[in-house]
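Biologist: I would like a close look at one part of this model. Please keep the sentences short and explain each term as you go.

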Amino acid sequence: MKPFGWLNTLYDLATEGVFTRNGKDAIQSVKDEKLYKVLTFMAWKTAKTDYEIAVNKEQQKTVK
């Protein structure tokens with residue numbers, strides 16, 4: 001997410017809906033959430049993606 005800046009990251013998190021609360025739209029919910037929770041979720045999402053890429057690479061090695 002780094003090359004896309006904070007605004008695109010905010011919108012990406014808003015579309016996930018993890019932080020959406022009643023009475024607030026998705027974007028405001030992310031903005032109002034504690035920074036630690038947002039950064040923790042972003043770190044998990046990045047680690048999950050990295051793991052999936054590594055698994056796919058290993059699977060492709062076994063297919064060849």
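Let us begin with one ring: is phenylalanine 19 buried or exposed, and at what relative accessibility?

Modeller: Phenylalanine 19 counts as buried, because its relative accessibility is 5%. Buried means under 20% relative accessible area, exposed means over 50%, and partly exposed is in between (1.4 Å probe, protein chains only). This is a predicted model, so local features need pLDDT of at least 70 and side-chain atom pairs 80 or more, while totals for chains, interfaces and linings use all residues. Numbering runs from 1 along each chain, and side-chain values use heavy atoms, without hydrogens or water.

Now the partners of that ring. A search of the whole structure gives two aromatic pairs. In one of them, phenylalanine 19 meets phenylalanine 41 edge-to-face, with 5.7 Å centre to centre and 80° between the planes. The pair links distant parts of the chain: phenylalanine 19 sits in the loop between α1 and α2, and phenylalanine 41 sits in helix α3, 22 residues apart. Helices here are DSSP runs (H or I, at least four residues), numbered from the N terminus. Rings of Phe, Tyr and Trp (its six-membered ring) pair if their centres lie within 6.5 Å; planes under 30 degrees apart are stacked, over 60 edge-to-face, the rest tilted.

Phenylalanine 41 is buried too, as its relative accessible area is 14%. Phenylalanine 41 also pairs with tryptophan 44: the ring centres are 5.6 Å apart and the planes stand at 40°, so this pair is tilted. Phenylalanine 41 and tryptophan 44 share helix α3. They are three residues apart, about one turn of the helix. Tryptophan 44 counts as partly exposed, because its relative accessibility is 48%. Put the ring pairs together, and Phe19, Phe41 and Trp44 form a cluster.

One more residue belongs in this view. Glutamate 33 is found in the loop between α2 and α3. With a relative accessible area of 15%, glutamate 33 is buried. Set aside its neighbours within four places in sequence, and glutamate 33 is in contact (heavy atoms within 4.5 Å) with Phe19, Arg21 and Val38. So Phe19 appears in the ring cluster and also among the contacts of glutamate 33.

Next come the charged side chains. The structure holds seven salt bridges. A salt bridge is a side-chain nitrogen of Lys or Arg within 4 Å of a carboxyl oxygen of Asp or Glu. In one of them, lysine 45 meets aspartate 12, with the closest N and O atoms 2.6 Å apart. Lysine 45 lies in helix α3 and aspartate 12 in helix α1, so this pair ties together parts that are 33 residues apart in sequence. How covered are the two partners? Lysine 45 is buried, with a relative accessible area of 16%. Aspartate 12 is partly exposed, at 28%.

Lysine 45 has another partner. Its side chain meets that of glutamate 16 in a salt bridge, 3.0 Å from N to O. Glutamate 16 lies in helix α1 and lysine 45 in helix α3, so this pair ties together parts that are 29 residues apart in sequence. Glutamate 16 counts as partly exposed, because its relative accessibility is 40%.

Further along, lysine 48 forms a salt bridge with glutamate 52. Their closest N and O atoms are 3.4 Å apart. Both residues lie in helix α3, four residues apart, about one turn of the helix. Lysine 48 counts as partly exposed at 38% relative accessibility. Glutamate 52 counts as partly exposed at 37%. Back at lysine 45, salt bridges that share partners join Asp12, Glu16 and Lys45 into one network.

Let us finish with a residue in another helix. Lysine 31 lies in helix α2. It is exposed, because its relative accessible area is 53%. The C-alpha atoms of lysine 31 and alanine 14 are separated by 9.3 Å. Along the chain, these two residues are 17 residues apart.

Here is the short version to keep in mind. Helix α3 holds phenylalanine 41 and tryptophan 44. Helix α3 also holds lysine 45, tied by a salt bridge to aspartate 12 in helix α1. Phenylalanine 19 reaches helix α3 from the loop between α1 and α2, through its pair with phenylalanine 41.

Note on methods: Helix = DSSP H or I, 4+ residues; strand = E, 2+ residues; numbered from the N terminus.
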